[in-house]
Amino acid sequence: EENGHHNKRLKRDADEEDGENKKSPKRKIVLLMAYSGKGYHGMQRNVGSSQFKTIEDDLVSALVQSGCIPENHGEDMKKMSFQRCARTDKGVSAAGQIVSLKVRLIDDILEKINNHLPSHIRILGLKRVTGGFNSKNKCDARTYSYMLPTFAFAHKDHDVQEEVYRLDKETLEKVNKLLACYKGTHNFHNFTSQKGPRDPSAKRYIMEMYCGEPFVRENIEFAVIKVKGQSFMMHQIRKMIGLVIAIVKGYAAESIIELSWGEEKVDVPKAPGLGLVLEKVHFEKYNRRFGNDGLHEPLEWTEEEEKIAVFKEQYIYPTIINTEREEKSMVNWLNTLSIHDFNSSVVGMQANHKNSK
């Protein structure tokens with residue numbers, strides 16, 4: 001009898017080793033991701049639509065191949081409670097994207113996942129989180145950057161050689177004065193599609209927005225605009241920047257920013273997606289509540305900052321710079337600004353304003 005029991009136990013131990021992956025419990029975690037978005041149709045996966053490749057297609061495939069999730073979880077992402085913090089658009093990169101999901105915590109998990117990812121997508125960090133954590137709902141704010149060649153701010157009446165152009169102090173001050181107009185809560189219905197002026201979800205809160213000092217790469221001068229907000233709608237940041245460029249270049253009046261909060265439709269141009277990068281997502285409330293409870297770590301990534309900086313220098317900035325040089329996305333877009341009819345919206349609004357008076 002003892003022998004029988006012993007044999008059963010040996011068999012059970014062997015089975016457990018054999019199917020260790022199947023048996024190990026799943027845990028809720030977050031992954032810190034960085035990626036260069038060129039050639040991808042955004043972050044979010046469209047199951048069943050294979051012609052538009054997304055970042056999540058490659059991520060899910062790596063999670064399955066490394067043994068973190070069973071294959072059927074790849075088909076139905078709800079099974080692993082998957083949630084991305086931000087849906088980045090087509091061509092947009094990220095240095096600090098966060099996804100939450102349930103995985104088997106296998107040994108050397110980051111190394112194994114990264115082994116199955118292309119080099120321009122990396123998992124840079126992992127932390128355990130509470131069971132009910134959802135990276136989209138628990139996020140208080142998101143910080144994006146937008147890297148652009150400074151000749152975008154050259155006045156339309158000046159003949160500009162792209163490689164020779166350098167941004168002067170007065171123009172940079174004007175850019176920052178205009179960007180500061182976006183701070184606070186405004187109705188951004190004119191900065192996205194499919195939202196009417198009375199849709200409450202078009203109201204968004206912007207905490208900060210500014211353009212940093214310019215720098216030269218590959219003979220072209222670039223600058224980086226930073227924006228931190230609670231949340232952003234599709235194309236919102238690109239349109240916010242597009243409108244400021246149109247004003248600085250002399251295509252539109254400064255008053256158009258103020259007018260765009262109103263109910264009238266304003267023709268707001270959308271800057272190219274190339275320079276946009278999701279820099280960081282913020283979980284301040286979650287960190288206050290769970291960050292020091294002894295069980296969970298705060299969702300801060302100070303130890304990973306160096307890895308993030310290296311990834312940006314290696315993959316994100318060169319992609320933006322080389323694509324700009326080869327495909328001239330900013331130059332081509334700037335040539336379309338003259339087609340936009342900024343005056344009709346302003347004139348229309350002024351007429352309406354008089355009538356209402």
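# A tour of the pockets, cavities and cysteines

Begin with the largest pocket, which has a volume of about 1,100 Å³. Of the 46 residues that line this pocket, the ones to select are Arg-87, Thr-88, Asp-89, Met-234 and His-235, the closest to its centre. A pocket here is an open set of points, on a 1 Å grid over the protein atoms alone, with protein on both sides within 12 Å along at least five of seven lines, whereas a cavity is a set of points where a 1.4 Å probe fits but cannot get out; lining residues have an atom within 4 Å of a point. Grid points are joined across faces, edges and corners, and a volume is the space filled by probe spheres set on the points.

Keep in mind that this is a predicted model, in which local features need pLDDT of at least 70 and side-chain atom pairs count only at pLDDT 80 or more, while totals for chains, interfaces and linings use all residues. Residues are numbered from 1 along each chain as its sequence is written, and side-chain values use heavy atoms, with hydrogens and water left out.

**Around the pocket.** Now colour domain 1 (26-138) and domain 2 (141-284 + 306-347) separately: both give residues to the lining of the largest pocket, so the pocket lies between them. The domain bounds come from an automatic or database domain assignment. Strand E2 (83-84), E5, H7 and H10 each supply at least two lining residues, and H7 gives the most, with three. These element names follow DSSP runs numbered from the N terminus, a helix being a run of H or I of at least four residues and a strand a run of E of at least two. By class, the pocket lining has 15 nonpolar, 19 polar and twelve charged residues, where Ala, Val, Leu, Ile, Met, Phe, Trp, Tyr, Cys and Pro count as nonpolar, Asp, Glu, Lys and Arg as charged, and the others, Gly among them, as polar.

**His-235.** Stay at the pocket and select His-235, which is placed in the loop between strand E9 (220-229) and helix H7 (236-248). Is His-235 buried or exposed? His-235 counts as buried because its relative accessibility is 16%, buried meaning under 20% relative accessible area, exposed over 50% and partly exposed in between, with a 1.4 Å probe and protein chains only. Leaving aside its neighbours within four places in sequence, His-235 is in contact with Asp-89, Phe-191 and Lys-270, contact meaning heavy atoms within 4.5 Å.

**The two cavities.** Next, look for enclosed space: the structure holds two cavities of 30 Å³ or more. About 40 Å³ of space lies in the largest cavity, and the residues to select around that cavity include Tyr-146, Met-147, Leu-148, Pro-149, Ile-320 and Met-330. Strand E5 (141-149), helix H10 (305-327) and helix H11 (329-334) are the elements that give two or more residues to this lining, and the largest share, four residues, comes from E5. The lining of the largest cavity divides into eight nonpolar residues, two polar and one charged.

The second largest cavity has a volume of about 30 Å³. Select Ser-36, Lys-38, Gly-91, Ser-93, Leu-274, Ile-316, Thr-319 and Ile-320 to show the lining of this second cavity. Which element gives the largest share of that lining? The largest share, three residues, comes from H10. At least three lining residues of the second largest cavity are drawn from each of domain 1 and domain 2, and by class this lining has three nonpolar residues, four polar and one charged.

**The cysteines.** A search of the whole structure finds zero disulfides, a disulfide being a pair of cysteine sulfur atoms within 2.5 Å. Select Cys-139, which is in no disulfide, and then Cys-85, whose sulfur is the nearest cysteine sulfur at 3.5 Å away. Cys-139 is buried, with a relative accessible area of 9%. Move on to Cys-68, which counts as buried because its relative accessibility is 0%.

**A loop with positive phi.** Go next to Glu-218, found in the loop between strand E8 (215-217) and E9, which has a positive phi of about 50° although it is not a glycine. Glu-218 is partly exposed, with a relative accessible area of 49%. Asn-219 is placed in the loop between E8 and E9, and has a positive phi of about 70° although it is not a glycine.

**Stepping back.** Finally, show the whole chain, whose secondary structure comes to twelve helices and ten strands. Of its 357 residues, 49% count as buried.
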